[in-house]
Amino acid sequence: MNAIILAAGEGTRLRPETISIPKGMVKLFDKSLLEMQIDVFKKCSINDISIVTGYLADKITFPSINYFKNENYSSTAGNESLFCAKEKLQDSTIITYGDLVFEKAVIDQVIDFKGDIGIAVELDWKPHYDGRTLHQMSEADNVLFDKEGNILEMRKNIQKPDSKIGEFAGIVKLSKKGSNILLKKLNELHKSHNGKFHNAPSLKQSIIPDMIQELIDSEINVEPIYVSGKWCEIDTPQDLEIARKIFEE
């Protein structure tokens with residue numbers, strides 16, 4: 001099993017923290033967000049770790065890590081970064097956003113998933129937005145389920161009060177077969193797709209939820225991995241302070 005961390009973005013909303021370092025190098029305590037992810041993966045016996053860099057790539061220099069650079073980081077998004085590391089989609093793979101911090105228990109739950117394509121989902125997600133005035137609930141990447149628990153839709157700000165809705169926790173788990181399915185779809189889209197891509201202006205500007213929606217619309221089975229435990233997305237200085245309170249133990 002390997003891990004791919006997508007850490008190419010500029011992190012403009014986290015400034016001034018990200019003026020001279022990439023978002024993933026911002027420290028929560030004595031370690032950066034990327035260091036904390038690397039530590040968790042290694043505790044889970046995942047040592048084949050890749051980071052997709054972009055903005056200030058030379059600032060990310062951890063030993064024994066594979067590096068891929070998204071040269072067009074300023075004009076592209078998560079799916080283009082993932083495509084930069086496509087050679088790692090050959091085996092069972094965990095994909096994470098570089099601005100996440102999570103405890104080992106969350107990754108343990110992801111590793112335990114036995115399907116081919118799974119996305120980490122938090123059902124008790126609304127408390128994550130308590131006090132987050134700079135990153136509001138409407139910005140959540142929501143996951144909409146049908147009555148049987150199948151994933152119907154994945155996008156920001158799904159408003160269906162009588163439906164089961166969770167939040168995507170920024171983590172994807174692929175089996176070897178799932179990696180091959182995703183890689184095949186990525187290659188096909190890069191060769192043939194033009195114009196708008198789900199909720200993005202283009203394929204190159206699309207994010208992981210757009211790709212998950214593409215798989216669902218292609219009738220490829222995507223399953224939820226229900227997670228609980230400590231995890232946070234760090235998007236603003238306020239998020240950083242909230243995460244410090246959550247993880248201070």
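These are my notebook entries on the cysteines, strand β4, helix α3, the cavities and the pockets of a predicted model.

**Ground rules**

I number residues from 1 along each chain as its sequence is written, and my side-chain values use heavy atoms, with hydrogens and water left out. Since the model is predicted, I keep local features to pLDDT of at least 70 and side-chain atom pairs to pLDDT 80 or more, while totals for chains, interfaces and linings use all residues.

**Entry 1: cysteines**

I looked for disulfides, meaning pairs of cysteine sulfur atoms within 2.5 Å. The count came to 0 disulfides. Why does Cys44 have no bond? The closest cysteine sulfur belongs to Cys232, and it lies 17 Å from the sulfur of Cys44, which is too far for a bond.

I then looked up accessibility, where buried means under 20% relative accessible area, exposed means over 50%, and partly exposed is in between (1.4 Å probe, protein chains only). Cys44 counts as buried because its relative accessibility is 14%. Cys84 has 26% and so counts as partly exposed.

**Entry 2: strand β4**

I take helices (H or I, at least four residues) and strands (E, at least two) as DSSP runs, numbered from the N terminus. Strand β4 covers residues 93-97, and 5 of its 5 residues are buried. Which residues point which way from β4? Thr93, Ile95 and Tyr97 point one way, and Ile94 and Thr96 point the other way. I noted the general rule beside this: in a regular strand the side chains alternate between the two faces of the sheet.

Next I looked up the partners of β4, counting two strands as paired if DSSP finds at least two bridges between them. Strand β1 (residues 2-6) pairs with β4 in the parallel sense, over 5 bridges. Within that pairing, Ile5 has Thr96 as its bridge partner in β4. Strand β9 runs antiparallel to β4, and 4 bridges join them. Thr96 has Ile171 as its bridge partner in β9.

**Entry 3: helix α3**

Helix α3 spans residues 104-111, and its buried residues are Val106, Ile107 and Val110. Seen down the axis of α3, these buried residues fall within an arc of 90°, so they line one face of the helix. The arc is that of the directions from the helix axis to the C-beta atoms.

**Entry 4: cavities**

I searched on a 1 Å grid over the protein atoms alone. A cavity is a set of points where a 1.4 Å probe fits but cannot get out, and lining residues have an atom within 4 Å of a point. Grid points are joined across faces, edges and corners, and a volume is the space filled by probe spheres set on the points.

How many cavities of 30 Å³ or more does the structure hold? It holds 2 of them. The largest has a volume of about 50 Å³. Its lining includes Leu82, Ile95, Val172 and Met211. Helix α5 (208-217) gives the most to this lining, with 4 residues.

I sorted linings by class: Ala, Val, Leu, Ile, Met, Phe, Trp, Tyr, Cys and Pro count as nonpolar, Asp, Glu, Lys and Arg as charged, and the others, Gly among them, as polar. The lining of the largest cavity has 10 nonpolar, no polar and no charged residues.

The second largest cavity has a volume of about 30 Å³. Asn79, Glu80, Leu186, His190, Leu203, Lys204 and Met211 line this cavity. Its lining divides into 3 nonpolar, 2 polar and 2 charged residues.

**Entry 5: pockets**

A pocket is an open set of points with protein on both sides within 12 Å along at least five of seven lines. The largest pocket has a volume of about 1,100 Å³. Of its 40 lining residues, Gly9, Lys23, Asp99, Ile207 and Asp235 lie nearest its centre. Which element gives the most to this lining? Strand β9 does, with 4 residues. By class I found 16 nonpolar, 14 polar and 10 charged residues in the lining of the largest pocket.

The second largest pocket holds about 250 Å³ of space. It is lined by 17 residues, and the closest to its centre are Pro127, His128, Trp231, Cys232 and Ile246. Helix α6 (237-247) gives the most to this lining, with 4 residues. The lining of the second largest pocket has 7 nonpolar, 2 polar and 8 charged residues.
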